[in-house]
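Subject: Structure handover

Hello,

Here is the structure you asked about. My notes on what was found in it follow below.

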Amino acid sequence: MAINIAVLQFPGSNCDQDAFQLFASGLGLATRYVWHKETRLGGADLVVLPGGFSYGDYLRCGAIARFSPVMGAVREHAAAGGLVLGICNGFQILCEAGLLPGALIRNSSLEYRCMTCELSVGDAGPSFNPGALGARVRLPIGHGEGNYRIDEAGLARLESGGQVLLRYTDNPNGSLGSIAGVRNEAGNVFGMMPHPDRAFERFHPSRDGIAIARAVLAAGFPESSRQTA
Amino acid sequence: MKIKVFVTPKRNVLDPQGVAVGHALESLGLKGLKGTRVGKVIELELEAPDSPQLRAQIDKLCGELLSNPVIEDYHFEVTGG
């Protein structure tokens with residue numbers, strides 16, 4: 001089975017090539033770019049919203065990208081059970097779009113944090129759990145607005161539903177519950193501030209990004225974890 | 001007519017920027033400061049008469065685009081109808 005990956009490009013995306021390479025060379029999958037003005041995803045199985053500063057982060061991070069033409073197609077794809085992964089700014093966009101719960105605000109330190117973080121893996125479904133990924137992974141972060149916020153009831157739902165993907169072991173940004181990534185209730189939309197797309201080459205700080213990407217794919221294609229490179 | 005939209009962080013949401021600005025105000029000698037919240041003002045100029053429909057439309061846009069209801073509150077003022 002051939003899995004197709006679409007990496008979206010918004011004006012101001014700057015990790016689109018990293019995300020492309022993670023799936024194309026890291027996992028050896030058919031990957032292509034989709035410009036934000038497109039209204040179709042061309043049969044993609046997984047849509048990746050990459051990191052960066054879409055629309056200059058004007059108004060709020062992700063607030064304007066949310067209304068890009070392509071987001072209508074992303075919404076339909078997600079509603080039909082298709083896989084979606086948002087990394088960093090992509091996570092912010094998915095939260096603004098309401099495809100993931102919560103919001104990301106300024107880091108409590110007010111500093112831009114660029115470092116490699118240790119993350120504990122949540123028990124977040126059949127493909128994304130400590131059994132598949134190990135109890136801890138190491139991934140780089142690079143953000144000024146990664147401070148995850150959600151109301152109390154929303155946080156309780158996330159926790160009881162096993163929707164927390166990753167938690168910082170040493171919270172770099174003030175996130176509630178040290179949350180670094182979440183999935184939606186249905187288990188097909190994933191978002192995280194850390195960068196699996198900066199953790200797959202030999203010269204990267206870790207190669208844990210490969211396992212993360214596989215875990216996301218395996219949520220829709222359980223066989224994929226055995227078939228990919 | 002002019003519309004001024006005020007967007008502020010929700011009371012129960014941490015405002016790191018407000019905290020930092022508050023500390024700076026205190027270091028400049030301001031006494032008795034109990035809280036600082038930093039928000040934004042968005043000014044719109046419209047060539048359209050004021051109407052309940054327009055206000056409803058602005059209200060909807062405030063909730064959809066100009067503010068994020070998870071973390072922010074908003075209100076707006078209309079002047080010069």
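To begin with a single residue: A:L59 is partly exposed, because 17 other C-beta atoms lie within 10 Å, and 20 or more would be needed to call a residue buried. Please keep in mind throughout that this is a predicted model. A:L59 sits in the loop between strand 3 and helix 2 of chain A. Its phi is near 70 degrees, which is a positive value in a residue other than glycine. Most residues other than glycine have a negative phi.

A second residue with a positive phi is A:Y55, which is not a glycine and has phi near 50 degrees. A:Y55 belongs to the loop between strand 3 and helix 2 (70–79) of chain A. A:Y55 has 22 other C-beta atoms within 10 Å and is therefore buried.

A:L59 also gives a way across to strand 5. The C-alpha atoms of A:L59 and A:I105 are 12 Å apart, although 46 residues separate them along the chain. A:I105 is located in strand 5 of chain A. A:I105 counts as buried because it has 27 C-beta neighbours inside 10 Å. Apart from its neighbours within four places in sequence, A:I105 makes contact with A:E145, A:N147 and A:R149, and also with B:I71 in the other chain.

Chain A overall

Chain A contains seven helices and 11 strands. Its radius of gyration is 16 Å, which agrees with the value near 17 Å that a compact globule of 229 residues would have. Along the principal axes, the C-alpha atoms of chain A fill a box of roughly 45 × 40 × 35 Å. Of the 229 residues in chain A, 55% are buried. If you take contacts in chain A between residues at least 6 apart in sequence, 75% of them join residues at least 24 apart.

The nonpolar core

The largest nonpolar core has 78 residues, and those with the most contacts inside it are A:I5, A:L8, A:L46, A:V48, A:V84, A:L94 and A:V216. Helix 6 (residues 208–218) of chain A gives the most to this core, contributing seven residues. A:L46 shows how separate parts of the chain come together here: beyond its neighbours within four places in sequence, A:L46 is in contact with A:I3, A:I5, A:L83, A:L85, A:V216 and A:L217.

Helix 3

Helix 3 (residues 89–96) of chain A is largely enclosed by the rest of the structure, because eight of its eight residues are buried. The buried residues are A:N89, A:G90, A:F91, A:Q92, A:I93, A:L94, A:C95 and A:E96. One of them, A:L94, is also among the residues with the most contacts inside the largest nonpolar core. What covers the buried residues of helix 3 includes four strands of chain A: strand 3 (46–49), strand 4 (83–87), strand 5 (103–105) and strand 11 (189–192). Just after helix 3, A:G98 takes a positive phi of about 80 degrees.

Chain B and its sheet

In chain B, three strands form an open sheet in the order 2-1-3, with antiparallel pairing. Strand 2 (40–45) and strand 3 (72–79) of chain B are the edge strands, each pairing on one side only. From one strand to the next, the twist averages 20 degrees.

Strand 1 (residues 2–9) of chain B pairs with strand 2 of chain B in the antiparallel sense over six bridges. Strand 1 also runs antiparallel to strand 3 of chain B, and eight bridges join these two. B:F6 has a bridge partner on either side: B:V41 in strand 2 of chain B, and B:H75 in strand 3 of chain B. B:K4 has B:E43 as its bridge partner in strand 2 of chain B.

Where the chains meet

At the interface, 13 residues of chain A are in contact with nine residues of chain B. On the side of chain A that touches chain B, five residues are nonpolar, four are polar and four are charged. One contact between the chains has already come up, that of A:I105 with B:I71.

Regards

Note on methods. Residues numbered from 1 in each chain as written. Chains lettered and ligands numbered in written order. Predicted model: local features only at pLDDT ≥ 70, side-chain atom pairs only at ≥ 80, totals over all residues. Contact = placed C-beta atoms within 7 Å. Nonpolar A, V, L, I, M, F, W, Y, C, P; charged D, E, K, R; others polar. Core = buried A, V, L, I, M, F, W, Y, C linked by C-beta atoms within 7 Å. Buried ≥ 20, exposed ≤ 12 C-beta atoms within 10 Å, placed from the backbone. Rg over C-alpha atoms; globule rule 2.2 N^0.38 Å. Pairing = 2+ DSSP bridges. Axes fitted to C-alpha atoms, helices over the stretch in contact; angles between N-to-C directions.
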